[in-house]
Amino acid sequence: MVHLSQNITDIKKKSLRFFQKHWLFIAGILFLVVFFNKKLGNFIPIILLLIAFLAIFLVLKLFENRRELFIDSKENFDLNCFYNAIDSFEDLRKFIDFLLAFFVVNFNSDSVVLYLYDETIKSYSVRGLRSKKADEQISDFETNNFLIEFLISHKKFLVREDLKMHNAKNARLLEIFDKLDVDVCIPMLIRRELVGFVFLKKKVNSSYDYDAMRLSWKKIEFEVLSNLKNLIYYHKIKSNYFETLEAIVSVLEKKDQNLKGHYLRVKMISIDIAKRLGLSRNEIGKLKIATGIYDIGKLAIRDKILFKKDRLTEKEFVEMSLYPEIGEQIVSHITFFKEIKSIIRQHHERWDGTGYPDKLRGEEIDMLARILHIANAFDVMVTGKSYKQKISVDEAFEKLMSESGTKFDPNIIKKLDKKFFEKYH
C-alpha cells in the first residue's frame, strides 16, 4: 500500500510538471484542432495531424526519459561509491581530509573551513582547512553563541545572498560572513546536536546553484554525520587509552631523576627526524603515539634492575631485554595500538643485527623503530643514566656518527647534523 500510494503521488507530480513544462505545446495543438475544424469541417486531416504531433512528442519524451534514467542511475552509482568510501575510514584525520576535498570539488569552492566541537575546550575549533590563500583570518576566528544558536534553531544552510534581507539577525550574521569572507555556512546537526559546521567560499567568477547544493548535501548528510560522529567517538576512546598508558609510563620518570622530561624530548626529536626524512603524516602520527609509551614494558621489570647504580650482570641484562617484548604484548590487547606494536618491540634492535629481542638487521627493522632508537639513544647519552655519566651534545653526536652502520641506520644518520640536536639540550 505504501508503494502504491507513493507511485500515485509520483504520477501526480510528474503529470503536473509535464503540463507546467509543455502547456504551450498542448495549447498549440488544441488551437490547430479548433482552427482546422472550423475551416474545413473535416476531422480526418485534423486527427492525422494530431497523431503526427503526438508521435513526434512521444519520441522526444522517450529520449528525454532515457537520459533522465541514465543520469539517475549514474547519480545512484556515484552515491553508492561515496557511501562505500566514507564507510571505509577508521582515522578521523583522513575522513576530514576526504570531506574537505569533497566540498572543494563538488561544491566548486575556493576555500573550505571545517569546525568541530572540542570537548576539551567546550567550544568549536578548526579541524580542517583547505584554502589556496591559507586564510589565517578564518582559522583564527572564534565562534560565538549567537551563530551556534542560530544554526541549531534554523537547521539549514546560511547563504550570504539570503542574509542581505534587512533585519537585526541577518545583519549580525552578514557581519560574520564578511569578516570571514565566506559565502555559505553548512550546519552539521545530529538530533539537534551541532557536531560542527562548514564555511565555504566560492571560486572567483563562478556562480553557486544553492538549491542543487542543498539537495546534494541532503542526500549525503545522514551518512556523513553518522560516520563523523562515530569517528569522533572512536578518536576520543583512543585518546583516553593513550593518555592512561602515558600516565602509567610517567611513573618511571618520577622514580628516576635522569628520566625527567626524557619522553617528551624523545618524542620531539623523533618527530623532527621523521619530518626531515619526509615521512607521511600518518607515519608521524604513529611515531607520536609510540614515543609516549614505548617503555611501558619496563613496568614489569624489577626496580632493583631498572634503577641499579652499577652495570647490569649478564643475567640481569637478559631480564631487562625482555621489556620491549612485554611492551608489545601489552599494546597488542588494545585495538587502537596494534599498528605501533612493532615500533615498541623493535626500538632496541641494531642495524648490524646485534640488538634485542629478535636480532633483526638493516631494513628488517621498522623504519619508525630505527628513528626512535636514534632519538632515545641521543637523549640518554646527554642526560646520563644511573650507572653512566652524561656527555655533551658534541660528544653524543660524534658517537652517533661513529656507530652509524653498526647500532644506527646510516641512511638516517647522514641526514642529520650536530646543529639538529643542539636545540634539545
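# A tour from the S4–S5 hairpin outward

Select the hairpin formed by S4 and S5: 2 residues lie between the strands, and Arg 191 there takes a positive phi near 50 degrees. Strands, like helices, are DSSP runs numbered from the N terminus (E, at least two residues for a strand; H or I, at least four for a helix). The model is predicted, so local features need pLDDT of at least 70 and side-chain atom pairs count only at pLDDT 80 or more, while totals for chains, interfaces and linings use all residues. Residues are numbered from 1 along each chain as its sequence is written, and side-chain values use heavy atoms, with hydrogens and water left out.

**The sheet**

Extend the selection to the whole of S4, residues 184-190, which pairs with S5 in the antiparallel sense over 7 bridges. Two strands count as paired if DSSP finds at least two bridges between them. Beside the turn, Ile 190 stands opposite Glu 193 in S5.

Next, select S5, residues 193-202. Of its 10 residues, 8 are buried, where buried means under 20% relative accessible area, exposed means over 50%, and partly exposed lies in between (1.4 Å probe, protein chains only). S5 also pairs with S1, residues 109-118, again in the antiparallel sense and over 7 bridges. To find the register, display Ser 109, which stands opposite Lys 202 in S5.

Add S2, which runs antiparallel to S1 and is joined to S1 by 8 bridges. Here the bridge partner of Leu 116 is Ser 125 in S2. With S3 included, the open sheet has 5 strands in the order S2-S1-S5-S4-S3, with antiparallel pairing. Its edge strands are S2 (123-131) and S3 (158-159), each of which pairs on one side only.

Now show helix H7, residues 210-255. H7 packs on the sheet and touches S1, S2, S3, S4 and S5; its direction makes about 50 degrees with that of S4. Contact means heavy atoms within 4.5 Å; axes are lines fitted to C-alpha atoms, for helices over the stretch in contact, and angles run from 0 to 180 degrees between N-to-C directions.

**Loops leading into the sheet**

Select Asn 108, in the loop between helix H3 (92-106) and S1. Its phi is near 50 degrees, a positive value in a residue other than glycine. Asn 108 counts as partly exposed, at 28% relative accessibility.

Move to Asp 181, in the loop between helix H6 (168-180) and S4. Asp 181 is not a glycine, yet has a positive phi of about 55 degrees. Its relative accessible area of 28% makes Asp 181 partly exposed.

**The nonpolar cores**

Select Ile 293, Phe 337, Ile 374 and Phe 421, which touch the most other members of the largest nonpolar core, a set of 55 residues. Such a core consists of buried Ala, Val, Leu, Ile, Met, Phe, Trp, Tyr and Cys residues joined through side-chain atoms within 4.5 Å. Helix H14, residues 367-383, supplies the largest share of this core, 10 residues. Centre the view on Phe 337: leaving aside residues up to four places away in sequence, Phe 337 touches Lys 238, Tyr 241, Phe 242, Leu 245, Ile 289 and Val 331. Apart from this core lies another, of 32 residues, among them Ile 86, Phe 95, Phe 157 and Ile 220.

Before leaving this part, inspect the loop between helix H13 (341-346) and H14, where Pro 357 lies. A cis peptide bond joins Tyr 356 and Pro 357, with omega about 10 degrees.

**Salt bridges**

A salt bridge is a side-chain nitrogen of Lys or Arg within 4 Å of a carboxyl oxygen of Asp or Glu; by this rule the count comes to 24. Select Lys 423 and Asp 272, whose closest N and O atoms are 3.5 Å apart. Lys 423 lies in the segment after helix H17 (418-422) and Asp 272 in helix H8 (residues 262-276), so the pair ties together parts that are 151 residues apart in sequence. Lys 423 is exposed at 57% relative accessible area, whereas Asp 272 is partly exposed at 24%.

Next, display Lys 298 and Asp 295, a salt bridge with closest N and O atoms 3.3 Å apart. Both Lys 298 and Asp 295 are buried. In the salt bridge of Lys 407 with Glu 403, the closest N and O atoms are 3.6 Å apart. Lys 407 is partly exposed at 23% relative accessibility, while Glu 403 is buried at 14% relative accessible area.

Finish with Arg 160, Asp 178, Asp 181, Asp 183 and Lys 201, joined into one network by salt bridges that share partners.
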